[in-house]
Amino acid sequence: MRICIAGTGLYVPGEPISTDALAGLTGLEFDAARLESKLGIRDRHIAHLRGIDETTVDFAEKAALSAVNNAGIDVDDIDLMIAATDTPEFISPATAILLQGRLQGRERYSGAFDVAASCASFTSAFDSAVRILATDKSLRYALVVGIYNMP
């Protein structure tokens, strides 16, 4: 069985916030140049600092729809949804279950679970999806969404 990436998508909330602007918005003091040279991070998107009232599952839904549209498939063709996040919507139920309900609009006999492995969440979720697809021939598509929504 050939397994490939059928589509990709992206969603970021609001305009990017520079490290210098972040210091002003939060009242924290840190060396922006050092952070950028060490981590390579110059800008970030933080919904609540831009006054955007969105949650983890809101981010997931928008990114997922972007990927599904890019793949040219129907949301009902997705048999497995994995949310890769260490900032879940709730402890329980899993963010992936909420995402499944939003995308497909009803309960379905499909897999949905979260992977919370900090920085390794997405790669772990992606690996899990590939292994599950490879061993369960009844599954057509898996959706893996990486979400970070640290307040």
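**Entry 1: E89**

I began with E89 in this predicted model, and I asked whether E89 is buried, partly exposed or exposed. Its relative accessible area is 22%, so I wrote it down as partly exposed, given that buried would require a value under 20%. I then placed E89 along the chain and found it in the loop between β3 and α4. Which residues does E89 touch, once its neighbours within four places in sequence are left aside? I noted contacts with T55, T56, V57, T95 and L98. For V57 I also looked up the spacing: E89 and V57 are 32 residues apart in sequence, while their C-alpha atoms lie 6.2 Å apart in space.

**Entry 2: P93, in the loop between β3 and α4**

I stayed with the loop between β3 and α4, where P93 also has its place. The peptide bond that joins S92 and P93 is cis, and I recorded an omega of about 5°. I kept in mind that most peptide bonds are trans.

**Entry 3: the chain as a whole**

I stepped back to look at the overall layout, and counted five helices and five strands in the chain. In what order do the elements run from the N terminus on? I wrote the order as β-α-α-β-α-β-α-β-α-β. The C-alpha trace spans about 55 × 30 × 30 Å along its principal axes. Of the 151 residues in the chain, 31% are buried. Among contacts with a separation of 6 or more, I found that 73% are between residues 24 or more positions apart.

**Entry 4: the nonpolar cores**

Next I looked up the largest nonpolar core, which has 18 residues, and I noted that L99, L103, L143 and V145 are those with the most contacts inside it. Which elements each supply at least two residues of this core? They are α3 (56–71), β3, α4 (95–104) and β5, and the largest share, six residues, comes from α3. I followed one of the residues with the most contacts, L103, and found that it touches E61, A64, L65, V75, M81 and L143, not counting residues up to four places away in sequence. Apart from this core lies another one, of seven residues, and I listed I82, V115, A125 and A129 among them.

**Entry 5: D74**

I turned to the loop between α3 and β3, where D74 lies. At 41% relative accessibility, D74 counts as partly exposed. I also compared its position with that of A64: the two are ten residues apart along the chain, and their C-alpha atoms are separated by 12 Å.

**Entry 6: aromatic pairs**

How many aromatic pairs are there? I counted two, and for each I wrote down what describes a pair of aromatic rings, namely the distance of the centres and the angle of the planes.

The rings of Y11 and F59 have centres 5.9 Å apart and planes at 40°, so I recorded this pair as tilted. Why does this pair tie together parts that are 48 residues apart in sequence? Y11 lies in the segment before β1 (17–18), whereas F59 belongs to helix α3, and the pair therefore joins those two parts. With a relative accessible area of 25%, Y11 is partly exposed, but F59, at 7%, is buried.

For F122 and F126, the ring centres are 6.2 Å apart and the planes are at 20°, so I recorded the pair as stacked, since the planes are under 30 degrees apart. Because F122 and F126 are four residues apart in helix α5, they are separated by about one helical turn. Both came out as partly exposed, F122 with a relative accessible area of 39% and F126 with 34%.

**Entry 7: the second largest pocket**

F122 led me on to the second largest pocket, as it is one of the lining residues. I noted a volume of about 190 Å³ for this pocket. The lining is made up of A84, T85, D86, S118, C119, S121, F122, G146, I147 and Y148, and β3 (78–85), α5 (121–135) and β5 (141–147) each supply at least two of these residues. I sorted the lining by type and obtained five nonpolar residues, four polar and one charged.

**Entry 8: S118**

Last, I looked at S118, which also lines the second largest pocket and has its place in the loop between β4 (111–115) and α5. Its phi is near 50°, a positive value in a residue other than glycine. Most residues other than glycine have a negative phi.

How values were computed. Residues numbered from 1 in each chain as written. Predicted model: local features only at pLDDT ≥ 70, side-chain atom pairs only at ≥ 80, totals over all residues. Heavy atoms only, no water. 1 Å grid on protein atoms, 1.4 Å probe; cavity = no way out; pocket = protein on both sides within 12 Å on 5 of 7 lines; lining within 4 Å. Points joined across faces, edges and corners; volume = space filled by probe spheres on them. Nonpolar A, V, L, I, M, F, W, Y, C, P; charged D, E, K, R; others polar. Core = buried A, V, L, I, M, F, W, Y, C linked by side-chain atoms within 4.5 Å. Buried < 20%, exposed > 50% of the residue type's maximum accessible area, 1.4 Å probe, protein only. Contact = heavy atoms within 4.5 Å. Phe/Tyr/Trp six-rings, centres within 6.5 Å; stacked < 30°, edge-to-face > 60°.
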